[in-house]
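I opened this one with no background and jotted down what I looked up as I went. Here are my notes, in the order I made them.

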Amino acid sequence: MYKILAREDFSDTTFMLEVLHPMLAKAAKPGQFVIVMVNADGERIPLTIADFSAERGSVTLVIQAVGKTTREMQQLCKVGSVLYALVGPMGIPSHIGEVKKVACVGGGLGVAPVFPQARAFKQRGAFVIGIIGFRSKELIFWEDKFKSVCDELIICTDDGSAGIKGLVTDGIAQAMQAHPDIEEVLAIGPPVMMKFCAEATRPQGIKTMVSLNPIMVDGTGMCGGCRVSVGGEMKFCCVDGPDFDGHQVDFDELMRRLGRFKEEERRSLERWTSNSNCRLLQEEPSVSTHA
Ligand SMILES: Cc1cc2nc3c(=O)[nH]c(=O)nc-3n(C[C@H](O)[C@H](O)[C@H](O)COP(=O)(O)OP(=O)(O)OC[C@H]3O[C@@H](n4cnc5c(N)ncnc54)[C@H](O)[C@@H]3O)c2cc1C
Ligand code: FES
């Protein structure tokens, strides 16, 4: 059982949990992920380690409530409550090479998992350009954290309410123009965003790493559920990744495979929503009395 030390809600759907797990916090490296179970009957879901502190003995997760389990977490995970299981660190840590200048790009929820890499590059002495993108100003989170590890920070919003108006690919174009000596780009976010980030750097041949998020089941390389095509070869994201060369990834296949359980996911969410409404009505009779 792993105690939740802190929670912060960044928006209606995105929230942060800091969880006590000293051994995991000591072992964690940038780019790795954990598998979480909210309760004994729960589904196992992979989540990237967005931050870790050996001193506090904690790991930080940033979660977007998109379906049954993540909405259940949003409802149940309060400060002082516990997660039933938290397994990790899993996956191969990001390669933090000796580059002089690097751009760390995060889009939406991807802003959180790119943070440990930005910090690690900074600690290795690189000039770090952070490029973080959100739909609008209200959704921005961790701006101060990024400022603390980046030499330059470009904020992009779809509606122009903060930073530059545009997508993170516009931020990449701006950074490449100002810094023709960027040696590496690291991009984390929705698959379509990572695909276009990789396309933005392809003409210049800038090494571009991405962190993939296919559907995972066991997370140990046994089920094959997380297979992705990289450079024409089949890789298992959980044990061969999650970081891969973005110029080699077949993103269209990844997006197709991510959509293949849509109907089951919809039914599972529907079942959970109606069950949890029933539970709420039983636990809080006043709700039903006044309904
Ligand atoms: C390595 C890795 C790291 C991840 N890190 C984060 C993170 O830091 N924060 C975060 O909010 N989400 C992260 N995800 C995605 C997260 O695991 C899914 O959103 C979650 O499993 C959805 O479960 P659900 O029951 O709430 O929704 P579902 O209804 O099951 O699915 C909703 C959506 O999530 C996708 N999804 C479903 N199951 C999985 C799965 N096992 N793995 C990946 N995607 C899935 C589906 O394509 C679907 O579009 C990560 C995924 C991977 C593979
Ligand atoms: S999740 Fe089963 S092989 Fe990767």
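**Notes on backbone, burial and packing**

I started with Pro-89, which I found in strand E8, residues 85–90. This is a predicted model, so I keep in mind that I am reading a prediction. The bond that joins Gly-88 to Pro-89 caught my eye: it is a cis peptide bond, with omega about 0 degrees. I reminded myself that most peptide bonds are trans.

Then I went looking for another one. Which peptide bond is cis with omega near 15 degrees? I found it running from Gly-241 to Pro-242. Pro-242 sits in a loop, with helix H7 (237–240) on one side and strand E17 (243–245) on the other.

Next I checked phi at Trp-142. The value is near 60 degrees, so positive, and this residue is not a glycine. For context, most residues other than glycine have a negative phi. I traced Trp-142 to the loop that links strand E10 (127–134) with helix H4 (143–149). Is Trp-142 buried or exposed? I noted a relative accessibility of 12%, and because buried means under 20%, Trp-142 counts as buried.

Ala-118 came after that. I placed it in helix H3, which covers residues 111–123. Its relative accessible area is 0%, so I wrote it down as buried. What does Ala-118 touch, once neighbours within four places in sequence are left aside? My list reads Cys-104, Val-128, Phe-146 and Val-149. I also took a distance to Asp-170: C-alpha to C-alpha, Ala-118 and Asp-170 are 19 Å apart in space, with their positions 52 residues apart in sequence.

I turned to a helix pair, H6 (residues 191–201) and H8 (residues 251–258). Two packed helices are described by the angle between their axes and the distance between those axes. For H6 and H8 I noted an angle of about 180 degrees and axes 10 Å apart. Angles over 145 degrees count as roughly antiparallel, so that is how I describe H6 and H8. On the H6 side, the residues that meet H8 are Pro-191, Val-192, Met-194, Lys-195 and Ala-198. Their partners in H8 are Phe-251, Asp-252, Leu-254, Met-255 and Leu-258.

Last, I looked at the surface. Which residues make the nonpolar patch of about 310 Å²? I found Met-1, Val-82 and Tyr-84 there. Met-1 belongs to the segment before strand E1 (2–9). Its relative accessibility is 64%, and since exposed means over 50%, I marked Met-1 as exposed.

Methods: Residues numbered from 1 in each chain as written. Chains lettered and ligands numbered in written order. Predicted model: local features only at pLDDT ≥ 70, side-chain atom pairs only at ≥ 80, totals over all residues. Heavy atoms only, no water. Patch = residues over 30% accessible without salt bridge, like charges linked within 9 Å, V, L, I, M, F, W, Y side chains within 5 Å. Areas by Shrake-Rupley, 256 points an atom, 1.4 Å probe, with all protein chains shown as cover. Salt bridge = Lys/Arg side-chain N within 4 Å of Asp/Glu carboxyl O. Helix = DSSP H or I, 4+ residues; strand = E, 2+ residues; numbered from the N terminus. Buried < 20%, exposed > 50% of the residue type's maximum accessible area, 1.4 Å probe, protein only. Axes fitted to C-alpha atoms, helices over the stretch in contact; angles between N-to-C directions. Parallel < 35°, antiparallel > 145°, perpendicular 65-115°, else oblique. Contact = heavy atoms within 4.5 Å.
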